[in-house]
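This briefing is meant for a reader who is meeting the structure for the first time. It takes up the sheet of one chain, the contact between the chains, and the helices of the other chain in turn.

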Amino acid sequence: MVPGRAVTLSRIQKTFPGGVQAIAGLDLHVAPGEFVALLGPSGCGKSTLLRLVAGLDQPEGGQVLIDGQPARLQSGQRQGLAFVFQDAHLLPWRDVLANVALPLELMGVAAGPRRKAAGLAVEQVGLSDAMHRYPAQLSGGMRMRVSLARAMVTNPQLLLLDEPFAALDEITRQGLDEQLRGLWLERRMTILFVTHAIAEAAFLAQRALVLTRRPARVVLDHTIDLPLQRSGSLRGTPQFAAQTAQLYEALQRGDRDGTA
Amino acid sequence: MATSRPSWLRLGLPPVAVFLASMAIAQGIVELKLVPAWLLPPPTRVLAALWNQWSVLGPALWFTTRASLAGFALSVLVGVGAAVLMVSSRWVQRAFYPYAVFFQTVPIIAIAPLLVIWFGWGMQTIIIAAFIVSIFPVLANALTGLLSTDPALKDLFRLYGASRWATLFKLRLPAALPSIMTGLRIAGGLAVIGAIVAEMVVGQSGLGAALAEARQRQNTDVVFAGVLLAAFLGLGFFALVNLLAHLVLHRWHASEQ
(Lines give C-alpha, C1' and ligand atoms only; values in the text may rest on other atoms or scores of the structure.)
Protein backbone atom coordinates (compact mmCIF):
# COMPACT_ATOMS: atom_id res chain seq x y z
CA MET A 1 0.00 0.00 0.00
CA VAL A 2 1.25 3.48 -0.90
CA PRO A 3 1.08 5.86 2.05
CA GLY A 4 -0.59 9.17 1.27
CA ARG A 5 0.91 12.61 1.66
CA ALA A 6 -0.10 15.30 4.13
CA VAL A 7 -1.05 18.67 2.65
CA THR A 8 -1.00 21.87 4.68
CA LEU A 9 -1.97 25.29 3.37
CA SER A 10 -1.42 28.27 5.63
CA ARG A 11 -2.56 31.85 5.03
CA ILE A 12 -2.55 31.46 1.26
CA GLN A 13 -2.83 34.63 -0.82
CA LYS A 14 -3.31 34.42 -4.56
CA THR A 15 -4.36 37.04 -7.09
CA PHE A 16 -5.48 36.27 -10.64
CA PRO A 17 -3.63 38.07 -13.42
CA GLY A 18 -5.61 41.30 -13.71
CA GLY A 19 -5.80 41.87 -9.99
CA VAL A 20 -8.85 39.89 -8.85
CA GLN A 21 -8.22 38.27 -5.50
CA ALA A 22 -8.76 34.52 -5.87
CA ILE A 23 -7.70 33.35 -2.43
CA ALA A 24 -7.27 35.56 0.63
CA GLY A 25 -5.77 33.95 3.71
CA LEU A 26 -6.92 30.35 3.36
CA ASP A 27 -5.89 27.66 5.85
CA LEU A 28 -6.34 23.96 5.26
CA HIS A 29 -4.92 20.69 6.47
CA VAL A 30 -5.38 17.34 4.77
CA ALA A 31 -4.18 14.23 6.59
CA PRO A 32 -2.30 11.42 4.79
CA GLY A 33 -4.69 9.10 2.97
CA GLU A 34 -7.70 11.39 3.21
CA PHE A 35 -10.17 11.75 0.33
CA VAL A 36 -11.21 15.41 0.36
CA ALA A 37 -13.71 17.06 -1.97
CA LEU A 38 -13.38 20.79 -2.58
CA LEU A 39 -16.86 22.04 -3.37
CA GLY A 40 -17.60 25.55 -4.52
CA PRO A 41 -19.28 27.70 -7.16
CA SER A 42 -17.65 28.10 -10.57
CA GLY A 43 -14.76 30.56 -10.62
CA CYS A 44 -14.34 30.57 -6.83
CA GLY A 45 -10.65 29.75 -7.02
CA LYS A 46 -10.76 26.04 -6.28
CA SER A 47 -8.82 25.15 -9.42
CA THR A 48 -6.28 27.80 -8.48
CA LEU A 49 -5.96 26.13 -5.09
CA LEU A 50 -5.23 22.80 -6.73
CA ARG A 51 -2.54 24.33 -8.96
CA LEU A 52 -0.87 25.78 -5.88
CA VAL A 53 -0.82 22.37 -4.23
CA ALA A 54 0.66 20.86 -7.39
CA GLY A 55 3.37 23.50 -7.39
CA LEU A 56 2.32 24.64 -10.89
CA ASP A 57 1.75 28.16 -9.51
CA GLN A 58 3.23 29.93 -6.52
CA PRO A 59 1.17 31.91 -3.99
CA GLU A 60 1.96 35.57 -3.30
CA GLY A 61 1.66 34.95 0.40
CA GLY A 62 1.49 32.00 2.76
CA GLN A 63 2.83 28.49 2.37
CA VAL A 64 1.90 25.23 0.72
CA LEU A 65 3.50 22.31 2.55
CA ILE A 66 3.49 18.72 1.37
CA ASP A 67 4.68 16.36 4.11
CA GLY A 68 6.08 19.49 5.77
CA GLN A 69 8.11 20.54 2.72
CA PRO A 70 7.33 23.60 0.53
CA ALA A 71 5.55 22.52 -2.67
CA ARG A 72 7.84 23.08 -5.62
CA LEU A 73 8.36 21.16 -8.81
CA GLN A 74 11.38 19.33 -7.45
CA SER A 75 12.24 15.84 -8.47
CA GLY A 76 11.58 14.32 -5.06
CA GLN A 77 8.01 15.52 -4.82
CA ARG A 78 7.11 14.97 -8.41
CA GLN A 79 7.43 11.24 -7.95
CA GLY A 80 4.41 11.09 -5.70
CA LEU A 81 2.12 13.60 -7.34
CA ALA A 82 -0.41 13.28 -10.14
CA PHE A 83 -2.86 15.76 -11.63
CA VAL A 84 -6.04 15.05 -13.59
CA PHE A 85 -7.37 17.96 -15.65
CA GLN A 86 -10.90 19.03 -16.56
CA ASP A 87 -10.65 17.30 -19.92
CA ALA A 88 -8.67 14.20 -20.73
CA HIS A 89 -5.84 16.13 -22.49
CA LEU A 90 -4.28 13.08 -24.15
CA LEU A 91 -1.62 13.17 -26.85
CA PRO A 92 -3.71 12.46 -29.99
CA TRP A 93 -0.74 10.95 -31.87
CA ARG A 94 -0.17 8.26 -29.25
CA ASP A 95 -2.28 5.17 -28.62
CA VAL A 96 -3.81 4.45 -25.23
CA LEU A 97 -0.85 2.45 -23.93
CA ALA A 98 1.72 5.05 -24.98
CA ASN A 99 -0.38 7.84 -23.46
CA VAL A 100 -0.55 6.05 -20.13
CA ALA A 101 3.19 5.31 -20.24
CA LEU A 102 4.04 9.01 -20.82
CA PRO A 103 4.68 10.02 -17.16
CA LEU A 104 7.09 7.11 -16.67
CA GLU A 105 8.78 7.93 -19.97
CA LEU A 106 9.31 11.55 -18.90
CA MET A 107 10.66 10.39 -15.54
CA GLY A 108 13.21 8.23 -17.32
CA VAL A 109 11.82 4.76 -16.57
CA ALA A 110 13.15 2.11 -18.98
CA ALA A 111 10.90 0.85 -21.77
CA GLY A 112 10.29 -2.62 -20.37
CA PRO A 113 9.01 -1.75 -16.88
CA ARG A 114 7.25 1.25 -18.38
CA ARG A 115 5.12 -0.86 -20.72
CA LYS A 116 4.34 -3.32 -17.98
CA ALA A 117 3.19 -0.64 -15.54
CA ALA A 118 1.18 1.15 -18.23
CA GLY A 119 -0.48 -2.12 -19.25
CA LEU A 120 -1.53 -2.76 -15.66
CA ALA A 121 -2.89 0.77 -15.26
CA VAL A 122 -4.90 0.45 -18.48
CA GLU A 123 -6.27 -2.86 -17.27
CA GLN A 124 -7.22 -1.32 -13.95
CA VAL A 125 -9.51 1.23 -15.60
CA GLY A 126 -11.02 -1.52 -17.75
CA LEU A 127 -9.62 -0.52 -21.13
CA SER A 128 -7.54 -3.60 -22.00
CA ASP A 129 -9.48 -3.99 -25.25
CA ALA A 130 -8.64 -0.43 -26.31
CA MET A 131 -4.92 -0.63 -25.51
CA HIS A 132 -3.81 0.21 -29.06
CA ARG A 133 -6.54 2.60 -30.07
CA TYR A 134 -6.01 6.32 -30.58
CA PRO A 135 -7.81 9.02 -28.55
CA ALA A 136 -9.86 10.09 -31.60
CA GLN A 137 -11.36 6.59 -31.66
CA LEU A 138 -12.51 6.68 -28.03
CA SER A 139 -15.65 8.05 -26.35
CA GLY A 140 -15.41 10.91 -23.85
CA GLY A 141 -15.75 8.55 -20.91
CA MET A 142 -13.05 6.22 -22.23
CA ARG A 143 -10.70 9.14 -22.79
CA MET A 144 -11.21 10.26 -19.20
CA ARG A 145 -10.43 6.74 -18.01
CA VAL A 146 -7.17 6.85 -20.00
CA SER A 147 -6.42 10.16 -18.28
CA LEU A 148 -7.08 8.52 -14.91
CA ALA A 149 -4.84 5.58 -15.78
CA ARG A 150 -2.10 7.99 -16.83
CA ALA A 151 -2.33 9.63 -13.39
CA MET A 152 -2.31 6.29 -11.58
CA VAL A 153 0.62 4.79 -13.49
CA THR A 154 3.20 6.39 -11.18
CA ASN A 155 1.43 5.11 -8.03
CA PRO A 156 0.93 8.65 -6.75
CA GLN A 157 0.75 9.39 -3.05
CA LEU A 158 -1.12 12.60 -3.75
CA LEU A 159 -3.76 12.69 -6.49
CA LEU A 160 -5.19 16.06 -7.53
CA LEU A 161 -8.32 16.11 -9.69
CA ASP A 162 -9.78 19.30 -11.16
CA GLU A 163 -13.47 18.69 -12.03
CA PRO A 164 -12.34 15.69 -14.05
CA PHE A 165 -15.73 14.23 -14.97
CA ALA A 166 -17.71 17.47 -15.34
CA ALA A 167 -18.15 17.17 -19.09
CA LEU A 168 -19.49 13.61 -19.04
CA ASP A 169 -23.08 12.36 -18.95
CA GLU A 170 -24.51 11.35 -15.58
CA ILE A 171 -24.24 7.56 -15.98
CA THR A 172 -20.66 7.67 -17.27
CA ARG A 173 -19.73 10.06 -14.51
CA GLN A 174 -21.17 7.81 -11.81
CA GLY A 175 -19.26 4.87 -13.24
CA LEU A 176 -16.02 6.81 -13.09
CA ASP A 177 -16.78 8.00 -9.55
CA GLU A 178 -17.12 4.39 -8.45
CA GLN A 179 -13.90 3.46 -10.22
CA LEU A 180 -12.02 6.30 -8.53
CA ARG A 181 -13.48 5.40 -5.13
CA GLY A 182 -12.34 1.80 -5.70
CA LEU A 183 -8.81 2.91 -6.55
CA TRP A 184 -8.67 4.98 -3.39
CA LEU A 185 -9.93 2.13 -1.16
CA GLU A 186 -7.23 -0.08 -2.63
CA ARG A 187 -4.29 2.36 -2.52
CA ARG A 188 -5.21 4.96 0.09
CA MET A 189 -3.34 7.82 -1.51
CA THR A 190 -4.34 11.34 -0.47
CA ILE A 191 -6.93 12.75 -2.89
CA LEU A 192 -8.00 16.34 -3.44
CA PHE A 193 -11.03 16.38 -5.72
CA VAL A 194 -12.38 19.70 -7.01
CA THR A 195 -16.02 19.70 -8.09
CA HIS A 196 -19.14 21.82 -8.24
CA ALA A 197 -21.45 18.78 -8.05
CA ILE A 198 -22.82 18.18 -4.56
CA ALA A 199 -23.82 14.52 -5.04
CA GLU A 200 -20.44 13.70 -6.51
CA ALA A 201 -18.65 15.23 -3.52
CA ALA A 202 -20.87 13.33 -1.06
CA PHE A 203 -20.47 10.03 -2.85
CA LEU A 204 -16.70 10.20 -3.31
CA ALA A 205 -15.15 11.89 -0.33
CA GLN A 206 -14.58 11.22 3.35
CA ARG A 207 -14.54 14.92 3.95
CA ALA A 208 -15.98 17.84 2.02
CA LEU A 209 -14.80 21.44 2.18
CA VAL A 210 -17.34 23.96 0.95
CA LEU A 211 -15.79 27.17 -0.35
CA THR A 212 -17.32 30.63 -0.76
CA ARG A 213 -17.26 32.75 -3.87
CA ARG A 214 -13.91 34.41 -4.38
CA PRO A 215 -11.88 35.27 -2.51
CA ALA A 216 -12.27 31.63 -1.48
CA ARG A 217 -12.75 30.82 2.21
CA VAL A 218 -13.85 27.56 3.82
CA VAL A 219 -17.49 27.95 4.86
CA LEU A 220 -18.00 24.33 5.95
CA ASP A 221 -15.56 21.55 6.85
CA HIS A 222 -17.77 18.50 6.90
CA THR A 223 -16.96 14.83 7.52
CA ILE A 224 -19.16 12.74 5.23
CA ASP A 225 -21.07 10.34 7.47
CA LEU A 226 -21.41 7.41 5.08
CA PRO A 227 -20.00 3.85 5.13
CA LEU A 228 -16.55 3.15 3.67
CA GLN A 229 -17.91 0.72 1.08
CA ARG A 230 -20.22 2.66 -1.23
CA SER A 231 -22.16 1.51 -4.26
CA GLY A 232 -24.39 3.31 -6.74
CA SER A 233 -27.56 2.39 -4.82
CA LEU A 234 -26.35 4.52 -1.90
CA ARG A 235 -27.38 7.60 -3.87
CA GLY A 236 -31.06 6.80 -3.30
CA THR A 237 -30.89 6.45 0.50
CA PRO A 238 -32.07 8.98 3.14
CA GLN A 239 -28.57 9.02 4.71
CA PHE A 240 -27.15 10.18 1.39
CA ALA A 241 -29.85 12.83 1.06
CA ALA A 242 -29.05 14.10 4.56
CA GLN A 243 -25.39 14.57 3.56
CA THR A 244 -26.16 16.38 0.32
CA ALA A 245 -28.68 18.63 2.12
CA GLN A 246 -26.00 19.89 4.49
CA LEU A 247 -23.56 20.52 1.65
CA TYR A 248 -26.28 22.28 -0.35
CA GLU A 249 -27.13 24.56 2.56
CA ALA A 250 -23.45 25.46 3.07
CA LEU A 251 -22.95 26.09 -0.64
CA GLN A 252 -25.86 28.54 -0.63
CA ARG A 253 -24.57 30.24 2.47
CA GLY A 254 -21.14 30.58 0.86
CA ASP A 255 -22.67 32.06 -2.26
CA ARG A 256 -24.55 34.70 -0.21
CA ASP A 257 -21.50 35.55 1.88
CA GLY A 258 -19.38 35.99 -1.18
CA THR A 259 -21.70 38.44 -2.90
CA ALA A 260 -22.38 40.46 0.27
CA MET B 1 -14.03 5.29 -40.07
CA ALA B 2 -15.76 6.30 -43.30
CA THR B 3 -18.45 3.83 -44.32
CA SER B 4 -18.08 4.53 -48.04
CA ARG B 5 -14.46 5.29 -48.78
CA PRO B 6 -14.23 7.19 -52.07
CA SER B 7 -12.46 5.10 -54.69
CA TRP B 8 -9.67 6.42 -56.85
CA LEU B 9 -12.07 6.41 -59.77
CA ARG B 10 -14.54 8.67 -58.02
CA LEU B 11 -11.74 10.95 -56.80
CA GLY B 12 -9.95 11.11 -60.13
CA LEU B 13 -12.83 11.26 -62.58
CA PRO B 14 -14.13 14.84 -62.04
CA PRO B 15 -10.81 16.66 -62.51
CA VAL B 16 -9.89 14.48 -65.51
CA ALA B 17 -13.31 15.16 -67.05
CA VAL B 18 -12.85 18.92 -66.60
CA PHE B 19 -9.38 18.69 -68.17
CA LEU B 20 -10.60 16.75 -71.23
CA ALA B 21 -13.62 19.02 -71.68
CA SER B 22 -11.54 22.21 -71.62
CA MET B 23 -9.06 20.66 -74.05
CA ALA B 24 -11.93 19.80 -76.39
CA ILE B 25 -13.30 23.35 -76.16
CA ALA B 26 -9.84 24.86 -76.90
CA GLN B 27 -9.46 22.50 -79.84
CA GLY B 28 -12.94 23.39 -81.10
CA ILE B 29 -12.33 27.15 -80.88
CA VAL B 30 -9.27 26.87 -83.11
CA GLU B 31 -10.81 24.33 -85.50
CA LEU B 32 -13.75 26.70 -86.03
CA LYS B 33 -11.19 29.45 -86.73
CA LEU B 34 -12.58 31.75 -84.02
CA VAL B 35 -8.98 32.40 -82.91
CA PRO B 36 -5.86 31.93 -85.07
CA ALA B 37 -3.74 28.92 -84.16
CA TRP B 38 -0.52 30.95 -83.65
CA LEU B 39 -2.33 32.94 -80.92
CA LEU B 40 -3.94 29.98 -79.16
CA PRO B 41 -2.26 26.74 -80.21
CA PRO B 42 -4.77 23.88 -80.15
CA PRO B 43 -4.06 21.02 -77.71
CA THR B 44 -2.99 18.73 -80.54
CA ARG B 45 -0.22 21.16 -81.49
CA VAL B 46 0.83 21.61 -77.88
CA LEU B 47 1.10 17.84 -77.54
CA ALA B 48 3.09 17.70 -80.77
CA ALA B 49 5.43 20.42 -79.48
CA LEU B 50 5.84 18.49 -76.27
CA TRP B 51 6.83 15.41 -78.26
CA ASN B 52 9.10 17.19 -80.76
CA GLN B 53 10.83 19.40 -78.21
CA TRP B 54 11.19 16.73 -75.55
CA SER B 55 14.97 16.71 -75.99
CA VAL B 56 14.91 20.31 -74.69
CA LEU B 57 11.87 20.21 -72.42
CA GLY B 58 12.66 16.90 -70.70
CA PRO B 59 16.05 17.93 -69.29
CA ALA B 60 14.58 21.37 -68.47
CA LEU B 61 11.80 19.75 -66.46
CA TRP B 62 14.30 17.56 -64.64
CA PHE B 63 16.49 20.58 -63.82
CA THR B 64 13.54 22.57 -62.46
CA THR B 65 12.31 19.57 -60.46
CA ARG B 66 15.66 19.16 -58.73
CA ALA B 67 16.12 22.89 -58.09
CA SER B 68 12.64 23.42 -56.66
CA LEU B 69 12.83 20.25 -54.54
CA ALA B 70 16.13 21.42 -53.09
CA GLY B 71 14.76 24.92 -52.44
CA PHE B 72 11.65 23.43 -50.85
CA ALA B 73 13.68 21.11 -48.63
CA LEU B 74 15.83 24.05 -47.56
CA SER B 75 12.66 26.01 -46.69
CA VAL B 76 11.33 23.17 -44.56
CA LEU B 77 14.62 22.74 -42.68
CA VAL B 78 15.33 26.44 -42.15
CA GLY B 79 11.67 27.41 -41.65
CA VAL B 80 10.88 24.80 -38.99
CA GLY B 81 14.29 25.29 -37.38
CA ALA B 82 13.81 29.05 -37.17
CA ALA B 83 10.31 28.58 -35.73
CA VAL B 84 11.72 26.30 -33.02
CA LEU B 85 14.35 28.93 -32.16
CA MET B 86 11.69 31.65 -32.07
CA VAL B 87 9.40 29.80 -29.65
CA SER B 88 12.31 29.01 -27.35
CA SER B 89 12.69 32.72 -26.66
CA ARG B 90 10.19 35.58 -26.90
CA TRP B 91 13.12 37.90 -27.43
CA VAL B 92 14.38 36.01 -30.48
CA GLN B 93 10.85 35.95 -31.87
CA ARG B 94 10.32 39.68 -31.44
CA ALA B 95 13.75 40.47 -32.86
CA PHE B 96 13.64 38.28 -35.98
CA TYR B 97 10.02 37.81 -37.02
CA PRO B 98 9.74 41.18 -38.82
CA TYR B 99 12.69 40.15 -41.01
CA ALA B 100 11.00 36.86 -41.80
CA VAL B 101 8.09 38.84 -43.23
CA PHE B 102 10.63 40.35 -45.63
CA PHE B 103 10.87 36.96 -47.35
CA GLN B 104 7.16 36.99 -48.06
CA THR B 105 7.12 40.45 -49.58
CA VAL B 106 10.37 40.41 -51.55
CA PRO B 107 9.71 40.59 -55.34
CA ILE B 108 11.77 37.67 -56.57
CA ILE B 109 11.89 38.98 -60.13
CA ALA B 110 13.61 42.14 -58.88
CA ILE B 111 16.26 40.47 -56.81
CA ALA B 112 16.96 37.54 -59.16
CA PRO B 113 19.65 39.55 -61.03
CA LEU B 114 21.31 40.23 -57.68
CA LEU B 115 21.24 36.52 -56.87
CA VAL B 116 23.04 35.87 -60.17
CA ILE B 117 25.75 38.33 -59.21
CA TRP B 118 26.14 36.72 -55.80
CA PHE B 119 25.69 33.05 -56.58
CA GLY B 120 26.47 32.72 -60.28
CA TRP B 121 24.56 31.23 -63.23
CA GLY B 122 24.19 27.71 -61.87
CA MET B 123 21.54 25.76 -60.06
CA GLN B 124 22.39 27.20 -56.65
CA THR B 125 20.89 30.56 -57.68
CA ILE B 126 17.63 28.85 -58.70
CA ILE B 127 17.57 26.87 -55.43
CA ILE B 128 18.01 30.05 -53.41
CA ALA B 129 15.21 31.78 -55.30
CA ALA B 130 12.89 28.84 -54.66
CA PHE B 131 13.91 28.94 -51.02
CA ILE B 132 13.27 32.68 -50.63
CA VAL B 133 9.72 32.58 -51.97
CA SER B 134 8.72 29.42 -50.10
CA ILE B 135 10.19 29.81 -46.62
CA PHE B 136 7.66 32.23 -45.14
CA PRO B 137 4.55 30.02 -45.13
CA VAL B 138 6.61 27.21 -43.57
CA LEU B 139 7.97 29.48 -40.86
CA ALA B 140 4.67 31.26 -40.14
CA ASN B 141 2.62 28.07 -39.91
CA ALA B 142 5.23 26.20 -37.87
CA LEU B 143 5.37 29.15 -35.49
CA THR B 144 1.58 29.22 -35.10
CA GLY B 145 1.56 25.48 -34.46
CA LEU B 146 4.39 25.60 -31.94
CA LEU B 147 2.82 28.52 -30.08
CA SER B 148 -0.58 26.84 -29.68
CA THR B 149 0.52 23.89 -27.56
CA ASP B 150 -2.20 22.86 -25.09
CA PRO B 151 -1.31 24.62 -21.78
CA ALA B 152 -2.62 21.68 -19.71
CA LEU B 153 -0.24 19.34 -21.51
CA LYS B 154 2.61 21.77 -20.92
CA ASP B 155 1.72 21.62 -17.21
CA LEU B 156 1.66 17.83 -17.35
CA PHE B 157 5.15 17.77 -18.84
CA ARG B 158 6.35 20.18 -16.14
CA LEU B 159 4.85 18.01 -13.39
CA TYR B 160 6.84 15.01 -14.53
CA GLY B 161 10.02 17.02 -14.88
CA ALA B 162 10.33 16.84 -18.67
CA SER B 163 13.42 18.48 -20.14
CA ARG B 164 13.16 21.20 -22.80
CA TRP B 165 14.16 18.67 -25.43
CA ALA B 166 11.56 16.15 -24.32
CA THR B 167 8.90 18.86 -24.32
CA LEU B 168 9.94 19.96 -27.81
CA PHE B 169 10.13 16.53 -29.41
CA LYS B 170 7.37 14.73 -27.54
CA LEU B 171 4.86 17.56 -27.26
CA ARG B 172 5.39 20.80 -29.16
CA LEU B 173 6.63 19.51 -32.52
CA PRO B 174 4.12 16.64 -32.90
CA ALA B 175 1.31 18.98 -31.82
CA ALA B 176 2.45 21.47 -34.46
CA LEU B 177 2.57 18.91 -37.29
CA PRO B 178 -0.89 19.69 -38.72
CA SER B 179 0.04 23.39 -38.96
CA ILE B 180 3.46 22.56 -40.39
CA MET B 181 1.80 20.44 -43.08
CA THR B 182 -0.44 23.38 -44.01
CA GLY B 183 2.69 25.49 -44.47
CA LEU B 184 4.29 22.79 -46.60
CA ARG B 185 1.24 22.61 -48.89
CA ILE B 186 1.53 26.33 -49.65
CA ALA B 187 5.32 26.27 -49.87
CA GLY B 188 5.44 23.41 -52.40
CA GLY B 189 3.69 25.41 -55.12
CA LEU B 190 5.63 28.55 -54.30
CA ALA B 191 8.98 26.77 -54.60
CA VAL B 192 8.12 25.75 -58.19
CA ILE B 193 7.04 29.30 -59.05
CA GLY B 194 10.20 30.76 -57.48
CA ALA B 195 12.43 28.38 -59.42
CA ILE B 196 10.74 29.06 -62.77
CA VAL B 197 10.78 32.85 -62.34
CA ALA B 198 14.47 32.76 -61.45
CA GLU B 199 15.20 30.51 -64.45
CA MET B 200 13.46 33.00 -66.74
CA VAL B 201 15.72 35.77 -65.45
CA VAL B 202 18.92 33.71 -65.47
CA GLY B 203 18.04 32.17 -68.83
CA GLN B 204 20.48 29.26 -68.67
CA SER B 205 18.59 26.08 -67.92
CA GLY B 206 15.30 24.78 -66.61
CA LEU B 207 11.67 25.16 -67.66
CA GLY B 208 11.79 28.93 -67.05
CA ALA B 209 14.66 29.38 -69.48
CA ALA B 210 12.97 27.17 -72.09
CA LEU B 211 9.77 29.19 -71.69
CA ALA B 212 11.61 32.50 -72.06
CA GLU B 213 13.34 31.33 -75.20
CA ALA B 214 10.18 29.93 -76.79
CA ARG B 215 8.38 33.19 -76.04
CA GLN B 216 11.11 35.22 -77.76
CA ARG B 217 10.77 33.06 -80.84
CA GLN B 218 6.99 33.32 -80.60
CA ASN B 219 6.67 29.54 -80.46
CA THR B 220 3.41 29.70 -78.53
CA ASP B 221 2.90 25.93 -78.78
CA VAL B 222 6.21 25.35 -76.98
CA VAL B 223 5.29 28.03 -74.42
CA PHE B 224 2.06 26.17 -73.73
CA ALA B 225 3.87 22.85 -73.52
CA GLY B 226 6.26 24.37 -70.97
CA VAL B 227 3.41 25.86 -68.94
CA LEU B 228 1.70 22.48 -68.96
CA LEU B 229 4.84 20.81 -67.60
CA ALA B 230 5.21 23.51 -64.94
CA ALA B 231 1.61 22.94 -63.87
CA PHE B 232 2.17 19.20 -63.63
CA LEU B 233 5.32 19.80 -61.59
CA GLY B 234 3.31 21.95 -59.16
CA LEU B 235 0.65 19.23 -58.97
CA GLY B 236 3.35 16.67 -58.28
CA PHE B 237 4.63 18.76 -55.37
CA PHE B 238 1.13 19.10 -54.00
CA ALA B 239 0.59 15.35 -54.23
CA LEU B 240 3.93 14.73 -52.54
CA VAL B 241 3.09 16.97 -49.58
CA ASN B 242 -0.38 15.44 -49.30
CA LEU B 243 1.12 11.97 -49.22
CA LEU B 244 3.55 13.11 -46.53
CA ALA B 245 0.73 14.66 -44.49
CA HIS B 246 -1.30 11.48 -44.84
CA LEU B 247 1.59 9.30 -43.69
CA VAL B 248 2.27 11.50 -40.69
CA LEU B 249 -1.25 12.37 -39.60
CA HIS B 250 -3.69 9.73 -40.80
CA ARG B 251 -3.90 7.85 -37.55
CA TRP B 252 -4.81 10.74 -35.32
CA HIS B 253 -5.71 13.99 -37.03
CA ALA B 254 -9.24 14.93 -38.11
CA SER B 255 -8.02 16.46 -41.39
CA GLU B 256 -6.86 13.04 -42.57
CA GLN B 257 -9.76 10.90 -41.41
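Two strands are said to pair if DSSP finds at least two bridges between them. With that in mind, the reader should also know that this is a predicted model, and that the points below begin with chain A, where strands S2, S1, S4 and S5 form an open sheet.

**The sheet of chain A**

- The open sheet has 4 strands in the order S2-S1-S4-S5, and the pairing between them is antiparallel.
- Strand S2 (21–30) and strand S5 (69–70) of chain A each have a single partner strand and stand at the edges, so one side of each is left without a neighbour in the sheet.
- At one of these edges, strand S4 (residues 61–66) of chain A pairs with S5(A) in the antiparallel sense over 2 bridges, and A:Leu65 is found opposite A:Pro70 in S5(A).
- Helix H1 (residues 46–54) of chain A packs on the sheet, where it touches strand S1 (7–15), S2 and S4 of chain A, and the direction of H1 makes about 120° with that of S1(A).

**Where the chains meet**

- Chain A gives 16 residues to the contact between the chains, and chain B gives 16 residues as well.
- On the side of chain A that touches chain B, the elements that give two or more residues are helix H2 (75–78), strand S6 (81–84) and helix H3 (96–106) of chain A.
- Sorted by class, that side of chain A has 13 nonpolar, 2 polar and 1 charged residues.

**Chain B as a whole**

- Chain B has 10 helices and 0 strands, and its pattern along the sequence therefore reads α-α-α-α-α-α-α-α-α-α.- The C-alpha atoms of chain B fill a box of roughly 75 × 55 × 30 Å along the principal axes, and 35% of the 257 residues of the chain count as buried.
- Among contacts in chain B with a separation of 6 or more, 74% are accounted for by residues 24 or more positions apart.

**A helix pair in chain B**

- Two packed helices are described by the angle between their axes and the distance between the axes.
- For helix H6 (residues 123–147) and helix H8 (residues 164–202) of chain B, the axes come within 6 Å and cross at roughly 160°.
- Angles over 145 degrees count as roughly antiparallel, and H6(B) and H8(B) are therefore roughly antiparallel to each other.
- The crossing in which H6(B) passes H8(B) is right-handed, and the contact of H6(B) with H8(B) has 24 nonpolar, 9 polar and 2 charged residues by class.

How values were computed:
Residues numbered from 1 in each chain as written. Chains lettered and ligands numbered in written order. Predicted model: local features only at pLDDT ≥ 70, side-chain atom pairs only at ≥ 80, totals over all residues. Axes fitted to C-alpha atoms, helices over the stretch in contact; angles between N-to-C directions. Parallel < 35°, antiparallel > 145°, perpendicular 65-115°, else oblique. Left-handed = near helix turned anticlockwise from the far one by under 90°. Nonpolar A, V, L, I, M, F, W, Y, C, P; charged D, E, K, R; others polar. Contact = placed C-beta atoms within 7 Å. Buried ≥ 20, exposed ≤ 12 C-beta atoms within 10 Å, placed from the backbone.
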